[in-house]
Amino acid sequence: MAVKTPGPSKAYVPPNLALRLTRLLLGIASFLFLFYTVGHYLTGWPFPTPLDLLRIAAAVLVGGGVGLVFARFWPLPPEPGFERIFRIFFLLLPALVLGYGLQILLSANQALSLIVPLSAWLASGLIVRLPQEGQKSPPEARK
C-alpha cells in the first residue's frame, strides 16, 4: 500500500508563530489591565485585584487558544468577502459561549464573555490561506 505524503501547505503559518501569539496575547492583556485600572479612577469600578488580573489573563489565553486552533482548521481567506463574515460568526459563537462559561465558573465581575471572543478573533488572523493557483495575490491585485 502506498503512503500518501502531504502536499504543500495551502496556508501561510508564520515561522515565529509562538512569538507572535505571545506578543499579541500580552498586548491584549496589558490593554485590558490598563482599561480596568483607568476605569477604577474614572468611573469608580472596583480596583482590579491580582485575582481579577489572573481572570483577565485566563480569558485572554483561552480566547487566543481558541482562535489559533480555529485558524488551523479554517485559515483566514486571502481576500475580503462573505467567507470572512461567515468565518467570524462560526468563530465568535463558540468563543462567546466559552466566555460566558468562564465568567460563571470564575464568578468574575469583568466582561470575560467579551474578552474571550475578542482575543479569539485577533488570534485567528495569524494564519492566512494562500491564494489558489492562477489567482493573483491580494497585493498584486491592488496594482
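This report covers the overall fold, an aromatic cluster, and selected residues of helix 3 and helix 4.

**Overall picture**

The model is predicted. Its chain has 143 residues, and 31% of them count as buried. The chain holds five helices and two strands. Read from the N terminus, the order of elements is β-α-α-α-α-β-α. Take the contacts between residues at least 6 apart in sequence: 70% of these join residues at least 24 apart. The accessible surface amounts to about 9700 Å². Carbon and sulfur atoms account for 71% of that surface.

**Aromatic residues of helix 1**

How many aromatic pairs does a search of the whole structure find? The search returns seven. One of them joins Phe31 and Phe35, whose ring centres are 6.3 Å apart with 25° between the planes. This pair is stacked, because its plane angle is under the 30 degrees that bounds that class. Both residues belong to helix 1, which spans residues 17–43. They sit four residues apart, about one turn of the helix.

Phe31 counts as exposed, at 54% relative accessibility. Phe35 is partly exposed, with a relative accessible area of 41%. Phe35 also pairs with Tyr36: the ring centres are 5.4 Å apart and the planes meet at 80°, so this pair is edge-to-face. Tyr36 is buried, at 14% relative accessible area. Which residues form one aromatic cluster with Phe31? They are Phe35, Tyr36 and Trp45.

**Helix 3: Arg84 and Ile85**

Arg84 lies in helix 3, which covers residues 82–106. Its relative accessible area is 26%, so Arg84 is partly exposed: the value falls between the 20% limit for buried and the 50% limit for exposed. Beyond its neighbours within four places in sequence, Arg84 is in contact with Leu76, Pro77, Pro78 and Glu79. Pro77 adds a polar approach: its backbone oxygen lies 2.7 Å from a polar atom of the Arg84 side chain.

Ile85 is also found in helix 3. It is partly exposed, with a relative accessible area of 40%. Ile85 helps to make a nonpolar surface patch of about 590 Å². The other members of the patch are Phe82, Phe86, Phe89 and Phe90.

**Helix 4: Ser113**

Ser113 lies in helix 4, residues 112–123. Is Ser113 buried or exposed? Its relative accessibility is 7%, under the 20% limit, so Ser113 counts as buried. Leaving out residues up to four places away in sequence, Ser113 touches Leu96, Gly99, Tyr100 and Gln103. With Gln103 there is a polar contact as well, side chain to side chain, at 3.2 Å.

**Accessibility of the residues discussed**

The table collects the relative accessible areas.

| Residue | Relative accessible area | Class |
|---|---|---|
| Phe31 | 54% | exposed |
| Phe35 | 41% | partly exposed |
| Tyr36 | 14% | buried |
| Arg84 | 26% | partly exposed |
| Ile85 | 40% | partly exposed |
| Ser113 | 7% | buried |

Technical notes: Residues numbered from 1 in each chain as written. Heavy atoms only, no water. Buried < 20%, exposed > 50% of the residue type's maximum accessible area, 1.4 Å probe, protein only. Contact = heavy atoms within 4.5 Å. Polar contact = N/O pair within 3.5 Å; in protein donor to acceptor, adjacent residues only side chain to side chain. Patch = residues over 30% accessible without salt bridge, like charges linked within 9 Å, V, L, I, M, F, W, Y side chains within 5 Å. Areas by Shrake-Rupley, 256 points an atom, 1.4 Å probe, with all protein chains shown as cover. Salt bridge = Lys/Arg side-chain N within 4 Å of Asp/Glu carboxyl O. Phe/Tyr/Trp six-rings, centres within 6.5 Å; stacked < 30°, edge-to-face > 60°.
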